[in-house]
Amino acid sequence: MEGVSLIELDDEQLRSRSWREGLSRRASFLMERFRALVVLVSFYYFWSALLKHRTTFVGYDRNQMITYVLGMNILRSLVFATRTEEIAGEINHGRLSGYLLKPVNFMLYTLFRDLSEKSINLVSAIIEVFGLILIFHVQLQWPQNAQTWLLFLASAVGATWLYFILSFMTGCWGFWTSESWGPRFLLELFLEFTAGAFFPLDVLPQLAQQIIKSFPSPYLVFFPLQIFLGKLNSTQIINGFLMQGFWIMAISGVARLVWIKGMRNYGAVGS
C-alpha cells in the first residue's frame, strides 16, 4: 500500500489498512496496555483490601466488586479505545480532502478505523483479565442466563456507538480550532469518571449519582455492568435502554449538525 494515495483506495482497502496501522503503532499500543494493566491490578488490590474484612460494601460483595473491576477493564478497552483524535489533524492539515474526493463515507470510515483499534485493545484486555484470574484464582459472578448475556452485549454495543459519536463530534472541533487536544482531554477524563470506568457510580452520595445520571456517560460502562451483575430489574433495564437510545439519537443529531456546519467552513490547506 506504500505510495498509494488515499484517493485510490476504496472502502474495503481503507478498513484493511486501519487494522494494519493499529498493529504497527507498537510503542503507543504497548504503553497503553501497560497503563491499563497497572490500573487493573491497582483497583484489584484496592477493592480486595477494602472488602477483606467485610461481607459487602454499598451493596457489592467481594465477587461482585472484583467482577465489576475486571469487566470495567474490558469495557474501557472496547468503548474508550478510539482514533478520532486524528480527525482534527486531518482537518487542519487538509488531509480530509483526500476522503471527500473519493466516494467514501468519512464517518463510516472513521468508525471502521475505530473498530480496528477497539478490537486490538479488546483482545488484549481479555487476555489481561483472564491472566489475572488464573494468577490470583479470582472468583467472578457470571450472568445466570442467556437473556442477561444478550442484554449486556446489546448495552455494550450501544455504549460503543454512543462514545464513538461523542468522540467523532469532538474531533470535528478541528474545523474551528487547531488546539483541540486540551478540551478533548478534559472531556474524555470527565466521561471516564462519570461513566463508572474507575469505580461503580453507586458508591457515590445519592445527590452526586442523580447529577451524573443526567449525563450520557453512565450508559457507557456503569449501565452495561449493572446488567451483567444482575443488579437491575426489568423496569430499570428498559428505562436504561430508553435513555441510552435517547442519548444516541440526540448526540447523533448534534454530531450531524456539527459536521454539516464544519464542512461549510472547511478550506483545504496543507498537503
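Let me begin with a definition: helices here are DSSP runs of H or I, at least four residues in length, and they are numbered from the N terminus. That numbering is what I will use throughout, and please keep in mind that what we are looking at is a predicted model.

With that in hand, take helix α8, which covers residues 181-194, where R184 and E188 sit 4 residues apart and are therefore separated by about one helical turn. These two residues form a salt bridge, and the closest N and O atoms in it are 3.0 Å apart. As for their surroundings, R184 counts as buried, at 7% relative accessibility, whereas E188, at 23%, counts as partly exposed.

The structure holds 5 salt bridges, and beyond the pair in α8 there is a connected group to consider, because R83, E86, E90 and R113 are joined into one network by salt bridges that share partners. Let me go through two of its links, both of which involve E86. The side chain of E86 meets that of R83 in a salt bridge, with 2.9 Å from N to O, and E86 also forms a salt bridge with R113, where the closest N and O atoms are 3.4 Å apart. This second pair links distant parts of the chain, since E86 belongs to helix α4, residues 86-92, and R113 to helix α6, residues 106-136, with the two positions 27 residues apart in numbering.

Are the arginines that pair with E86 buried or exposed? R83 is buried, with a relative accessible area of 3%, and R113 is buried as well, with a value of 1%. E86 itself, at 22% relative accessibility, counts as partly exposed; the cut-off for buried is under 20%, so E86 falls outside that class.

Let me turn now to the nonpolar side of the structure. In soluble globular proteins, nonpolar side chains tend to be buried together. Here the largest nonpolar core has 64 residues, and those with the most contacts inside it are L70, F80, L162, L220 and V221. Several helices each supply at least two residues of this core, among them α2 (26-50), α3 (62-79), α10 (222-228) and α11 (234-265), and also α4 and α6, the helices that hold E86 and R113. Which helix gives the most to this core? That is α7, with 10 residues.

Finally, a closer look at F80: leaving aside residues up to four places away in sequence, F80 touches L75, K118, Y163, L191, E192, A195, A197, L220 and V221. Two of these, L220 and V221, are themselves listed with F80 among the residues with the most contacts inside the core.

Conventions. Residues numbered from 1 in each chain as written. Predicted model: local features only at pLDDT ≥ 70, side-chain atom pairs only at ≥ 80, totals over all residues. Heavy atoms only, no water. Salt bridge = Lys/Arg side-chain N within 4 Å of Asp/Glu carboxyl O. Buried < 20%, exposed > 50% of the residue type's maximum accessible area, 1.4 Å probe, protein only. Core = buried A, V, L, I, M, F, W, Y, C linked by side-chain atoms within 4.5 Å. Contact = heavy atoms within 4.5 Å.
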